[in-house]
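Colleague: Could you take me closely through one sheet of this model, strand by strand, and then set it beside some other parts of the chain? I would like a connected account that I can follow with the structure open.

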Amino acid sequence: MTNTTNSRITVTAALPYANGPLHIGHIAGAYLPADIYVRYQRQQQRDIIFMGGSDEHGAAIMLRAKKEGISPQEIIDKYHELNKETFERFGISFDMYHRTSEPIHHQTSQDFFTRLYEKGEFTEQESEQYYDEEFQQFLADRYITGTCPVCGHPEAYGDQCENCGSSLSPTDLINPKSTLSGKTPILKPTKHWYLPLDKYQPWLEEWLLKGKKGIWKPNVYGQCSSWLKAGLQPRAMTRDLDWGVDVPLPNTEGKKLYVWLDAPIGYISATKQWAQDNGKDWELYWKQQPNEADNARLIHFIGKDNIVFHCIIFPAILHTHSEYILPENVPANEFLNLEGRKLSTSRNWAVWLHEYLDELPNKQDELRYALCSIMPETKDSEFTWKDYQAKNNNELVAIFGNFVNRTLVLTQKYFDGLVPTRHDLHPMDEEALQKLQEIPAKVASAVESFNFREALAYMIDLARTGNKYLADTEPWKVIKQDQARVETILNISLQITANLSIISAPFLPFTSQKLQAMLNFQSTDWRDAGRDDLLPARHTLEKPALLFQKIEDDWVDQQVAKLHQDDTTTEEEPTTNLAPMKEEITYEDFVKLDMRVATILTAEKAKKSKKLLKLTLDTGLDQRTVLSGIAQHYEPEDIVGKQVCVLVNLAPRKMMGIESQGMILMAEDADGALVFMQPENSVSNGSGIS
Ligand SMILES: [Zn+2]
């Protein structure tokens, strides 16, 4: 176990490209989990910094500038300001939100390059690279798209496929196209500096595969492990571009540092700026200390499309530089989908955070709650407005808000807003107090281990405990006979409320503040959580107000309608509806399937079934009966004599009183149309398929 009590913590959240606004997928992926973690650690009084900023380099910026018809500088100014302000409004509490266009960053990343260059780490290599003849430009990274050789995604970029996360080179792409001219590029020689990742492979296997096993989340560890198993390749750390950090070597005009070399270094330059502004020492948060126990703990919050850069390339650079600490953890999240489809910036299928905040400027916590409850921690998850409404109405309003409001209103009504005295305890009281003691530790442990959904569930469980306690003890009935008993009940309810104001703060910072104002109470110290004496008897409360409001169906319908109205997906690009990829299987799993070519000898409708055809097949091995659910797609007489592919070792199944001995392989498109998988040319029955 790492030391979680004393040491400094350096937290970073992925630098968003300053080429567009933020949507809820970005937030659920990196920024909300980072913010919850940081706010919690601050409450624990730990020495923690939270670094972020705009990534203002790379082809993505230039492409956006071209699209909007303004200069790259105007693009980064526009989106840096917008995103910085949006984060602030949403309560993402960066200590520094920096920019990679700042001189301090250019200097810092050039220093890194120079250090590695002087150590002789780079290999200089001339190679053929794609070049757009019309625009007279080499096509780095996002200037080129094509089909991903790994997953078949048709819009993979030259450096990465955002669908499967694979790290790519432009020459890996199938059917490459220039995003400038739309034409197929030519190959032309150019010189670059390569980081020999293959050379660091043994070190990465030791540090990552051995060292992070069981510590990093399985989705992150699994991705890294499959890349390492496939073997790492040298990767160019420079690009032919006219926007970015200059390569600090003579005669390198027109060459810039690779954006993924300079972007993570942006966390370090942000820290330098923060340290300068606040009279701190940045090295304490990034450099190895003489005594290893004094090293800061480095944690990168990112989405899964950034795993390779933060888990392999950046650590390799830090390790090679040799003075820096390495990430202790990279709790990357998977992707968030929206209303049944992948979030898409280009098709405007997204909930844009600044638009949400424009419409609902005081409902940050409602969205924080909904997003945290579905955070894609281990697999992709989905946001729907219906679910947002349900979380708001059934949990925030009905549990949290209801409990707090009843407690405060009853205290006003019976005791003029003064905290009543606690008397002898009943078993129900003891039970509630015990939960009050236990829950903060559970929240804490879940946050420390990056299980934010679980942490949120424990937090709301304290409100649920309070709500149930009031329902069971019924102070509004008891008040008529036994005022002292009600004093005890409301005292305990108020202690629970004060605790809620502390443990909800990382998740619902705005609500926590409102609640503390109503309680006329202040604590930003997690170590107060679990105490049952936070509000002393006779303490005066302020007037209560409702914390949350119910959301009506009409409003939800409007949001969904707006989404569809703004959607720019055209008929020709139905990229959705496809079933997501199934869980990975091993080669051993695959070879268990015995698939053969067979000929359909007879075909007839199965009795009592609209869907099934009863077929007799010649599998080469035997003649057998197979039922296939294709009656609505094929007429029996049309398919006799066709060759098809069959899974022959599937356990027999009885349907409609007939035993089916195998399964015919079909392709089913997103609309449900079925077609046979057939050999291109006739082959003998029984031919194996592999
Ligand atoms: Zn891919």
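Modeller: In this predicted model, the part to look at is an open sheet of four strands, which are arranged in the order β5-β4-β9-β10 with antiparallel pairing. Because β5 (137–138) and β10 (235–236) each have a single partner strand, they stand at the edges, and one side of each is left without a neighbour in the sheet.

Moving inward from the β5 edge, you come to β4, which covers residues 123–132 and pairs with β5 in the antiparallel sense over two bridges. You can find this pairing by looking for D132, which stands opposite Q137 in β5, and for Y131, whose bridge partner in β5 is F138. The two strands form a hairpin with four residues between them, and in that turn Q136 has a positive phi of about 50 degrees. On the way to the next strand in the order, β4 is joined by nine bridges to β9, residues 186–195, and these two strands also run antiparallel. A useful place to check the register is S127 in this pairing, since S127 stands opposite T190 in β9.

A second sheet can be read in a similar manner. It is an open sheet of three strands in the order β7-β6-β8, and its pairing is antiparallel. Here β7 (156–157) and β8 (174–178) are at the edges, each with a single partner strand, so that one side of each is left without a neighbour in the sheet. Strand β6, residues 144–147, runs antiparallel to β8 and is joined to it by three bridges, and in this pairing T147 stands opposite I174 of β8.

Turning from strands to helices, α12 spans residues 385–415 and has a kink of about 40 degrees, centred on G401. The residue that follows α12 is D416, and its phi is positive, near 55 degrees. Another residue to bring into view is K468, which lies in helix α14, residues 452–473. The C-alpha atom of K468 is separated by 8.6 Å from that of F403, although the two residues are 65 residues apart along the chain. K468 counts as partly exposed because 16 other C-beta atoms lie within 10 Å, a count that falls between the 12 or fewer of an exposed residue and the 20 or more of a buried one.

Further along the chain, helix α16 (residues 483–503) and helix α17 (residues 509–519) pack at an angle of about 145 degrees, with their axes 8 Å apart. The crossing in which α16 passes α17 is left-handed. On the α16 side the residues that meet α17 are T497, A498, L500 and S501, and their counterparts in α17 are S512, L515, Q516 and L519. Sorted by class, this contact of α16 with α17 has four nonpolar and four polar residues, and no charged ones.

To place these parts in the whole, the chain has 20 helices and 27 strands, and its C-alpha trace spans about 90 × 80 × 50 Å along the principal axes. Of its 690 residues, 43% count as buried. Among the contacts in the chain between residues at least 6 apart in sequence, 72% join residues that are at least 24 apart.

Key. Residues numbered from 1 in each chain as written. Predicted model: local features only at pLDDT ≥ 70, side-chain atom pairs only at ≥ 80, totals over all residues. Contact = placed C-beta atoms within 7 Å. Pairing = 2+ DSSP bridges. Bend = angle between axes of the 7 residues up to and from the residue. Axes fitted to C-alpha atoms, helices over the stretch in contact; angles between N-to-C directions. Left-handed = near helix turned anticlockwise from the far one by under 90°. Nonpolar A, V, L, I, M, F, W, Y, C, P; charged D, E, K, R; others polar.
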